Amino acid sequence: MTHLSGSSTDSPAGWDGGRSNGFVNGYHDGRDGRVNGSGAFGNRGSLRSDRGGRGGFKGRGGAYNPIQPVQNTGMNVGASAVAGTAAGWRSPETTRTGPNLWLPTKGWNSKCQSFALLCLFVCARYTDGLTPPTPTPPPPRSELFSGSNTGINFEKYDDIPVEATGHNCPPHIESFHDVAMGEIIMGNITLSRYTRPTPVQKHAIPIIKTKRDLMACAQTGSGKTAAFLLPVLSQIYTDGPGDALQAQYPISLVLAPTRELALQIYDEARKFAYRSRVRPCVVYGGADIGQQIRDLERGCHLLVATPGRLVDMMERGKIGLDYCSYLVLDEADRMLDMGFEPQIRRIVEQDTMPPKGLRQTMMFSATFPKEIQILARDFLEDYIFLAVGRVGSTSENITQKVVWVEESDKRSFLLDLLNATGKDSLTLVFVETKKGADALEDFLYREGYACTSIHGDRSQRDREEALHQFRSGRCPILVATAVAARGLDICNVKHVINFDLPSDIEEYVHRIGRTGRVGNLGLATSFFNDKNSNITKDLLDILVEAKQEVPSWLESLAYEHQHKSSTRGRAKR
DNA sequence: AAAAAAT
């Protein structure tokens, strides 16, 4: 979790351990009750044609600042004008002249009755086709907030050196109370049982609250997700939706490299948006697009997405990024590598999203190769670079073992490891190929182990089901490809096994980061043989830095490799 | 070479 769990690469989930079972069978429709259903904006016409794209910014008598949207300009027909007069979207500090739709009417502690009253008010008031986005009714608290799983080494995070560079970097905070995030956020922080911010949260929250662009690097499981969700949601509450009232114009966009990670971030966002008017949505491939569209039409202030499905939605005219003031790239180095970069440029630079400088851009990852940091500057303006610990380093809460295992011995060695594993802990086994994942799962299944597997050739339903079976402990062994390497916050993963080592060190860092999160201890075992010589040097460096035991054969190999390889270091990438 | 990401 990136949050304390939070980041994505870690996500905030870290604190409360695991996901909150917010969905069934891979679909997330019908998760909340609804006041007005969809179709609230029946008279708005098509997305593009009634706004003229960017042209919508003109004629407002002033420069448009999407980060601090002009309030109450009266320019948008319908919904925004109505909301303006209803004082619905203004800062709670400045407006209390009418029922405030953005905040609970009786403050944080009010119960569901006040929500019902609010709904009645909303229904009575908007009978003219100008109904605003549906408020999110409070789902059961227990569904959203599961127990905290902060570990015994949580306090040790304070020993990690922090680097924050850039113009006028605001001071860090020591407590969530040190920065004004509003009663809703503070209440949800309490419900999430976050007591103290993690280092990345201490620094990133004030930076984001002062509306600065940010490139943040922090170890896996150190709370990155919450580090961006909390301040971004807090800004949305404070600023109100501005002109982005219509369902299809999110104020904030979070992009993630895998569908399951997008889903996890969305679940975190729902947690922090509890009892607020902010409505998070998620779109990703492999799931019913019709359901996702219907969900969007009920209102979307914060959108979590994977790139392909988002582009599809944009091309269908279902989502406009014209008023997107906040852009977050989670697992940013992955999002900007060769596979994703064109799609990111398509979304961020070649459509209607406000340009850098007007929007606020935030990037998070546990790894961030120098070359990609340079590329990332294309999307940032006067940004602050934040690094908690060395970029790309691993948590000392993870015990890393590297063992020499020939290909032919891997299976029996794996069985030995599994047999030595406690009953209640989860084991994540990484392999390099999808075929390999299928084969290994079959093997373990035949050997009588309760296991499942996940990879990109599975149906989305199967993928989500496998993850659910694993998280819930029904299948305490998960065989996975790279799809599960980044960001997923699964509490109680005690052991990560690299049945096949990856070819680059970043992948290794993210994989083993599925354990040892938020101060908990974890174990990572990697099978090494002749096929892995490419990662020898980087792996050795990581082990030494994290004060791990280094096998003498690995040291020798690294020494030999150094003398025959001409492309050491980071010439690649 | 492989994995991921739209259909």
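I'll start with the open sheet of eight strands, whose order is S2-S9-S3-S8-S7-S4-S6-S5 and whose pairing is mixed. At its edges stand strand S2, residues 162-165, and strand S5, residues 280-283. Each of these two has a single partner strand, so one side of each is left without a neighbour in the sheet. On average, and ignoring direction, neighbouring strands here are turned by 15° against each other.

Before going further: this is a predicted model. I'll come back to confidence at the end.

Staying with the sheet, take one pair inside that order. Strand S3, residues 214-218, runs parallel to strand S9, residues 384-388, and five bridges join them. If you want a place to look, find Ala-216, which stands opposite Leu-386 in S9.

Now to another strand, S15, which covers residues 522-528. How many of its residues are buried? Six of the seven are, so to speak, put away: S15 is mostly covered.

Which strands pair with S15? One is S10, residues 398-404, in the parallel sense over seven bridges. Another is S14, residues 493-498, also in the parallel sense, over four bridges. A good residue to put on screen is Ala-524 in S15. Gln-400 stands opposite Ala-524, and Val-496 stands opposite Ala-524 as well.

How does the chain get from S14 to S15? It passes through helix H17, residues 505-512, and this β-α-β crossover is right-handed.

Next, one item from a record. UniProt, in an unreviewed entry, places a short sequence motif, the "Q motif", at residues 174-202. In the model, the end C-alpha atoms of residues 174-202 lie 6 Å apart. That span is 45% helix and 0% strand.

Finally, confidence. Chain A has a mean pLDDT of 79, and 72% of its residues reach 70 or more. Two stretches fall under 50. Over residues 1-136 the pLDDT is below 50, and this stretch has 386 contacts in the model beyond near neighbours in sequence. Over residues 567-573 the pLDDT is likewise below 50, with eleven contacts beyond near neighbours in sequence. Where pLDDT is low, the predicted coordinates should not be read in detail.

To recap what to look at: the eight-strand open sheet with S2 and S5 at its edges, then S15 with S10 and S14 as parallel partners, and then the UniProt motif at residues 174-202. That's all from me.

Note on methods
Residues numbered from 1 in each chain as written. Chains lettered and ligands numbered in written order. Predicted model: local features only at pLDDT ≥ 70, side-chain atom pairs only at ≥ 80, totals over all residues. Heavy atoms only, no water. pLDDT = per-residue confidence, 0-100. Contact = heavy atoms within 4.5 Å. Buried < 20%, exposed > 50% of the residue type's maximum accessible area, 1.4 Å probe, protein only. Pairing = 2+ DSSP bridges. Right-handed = clockwise from strand over helix to strand, strands pointing away. Axes fitted to C-alpha atoms, helices over the stretch in contact; angles between N-to-C directions. UniProt positions renumbered as here; feature names shortened; annotations may be inferred.
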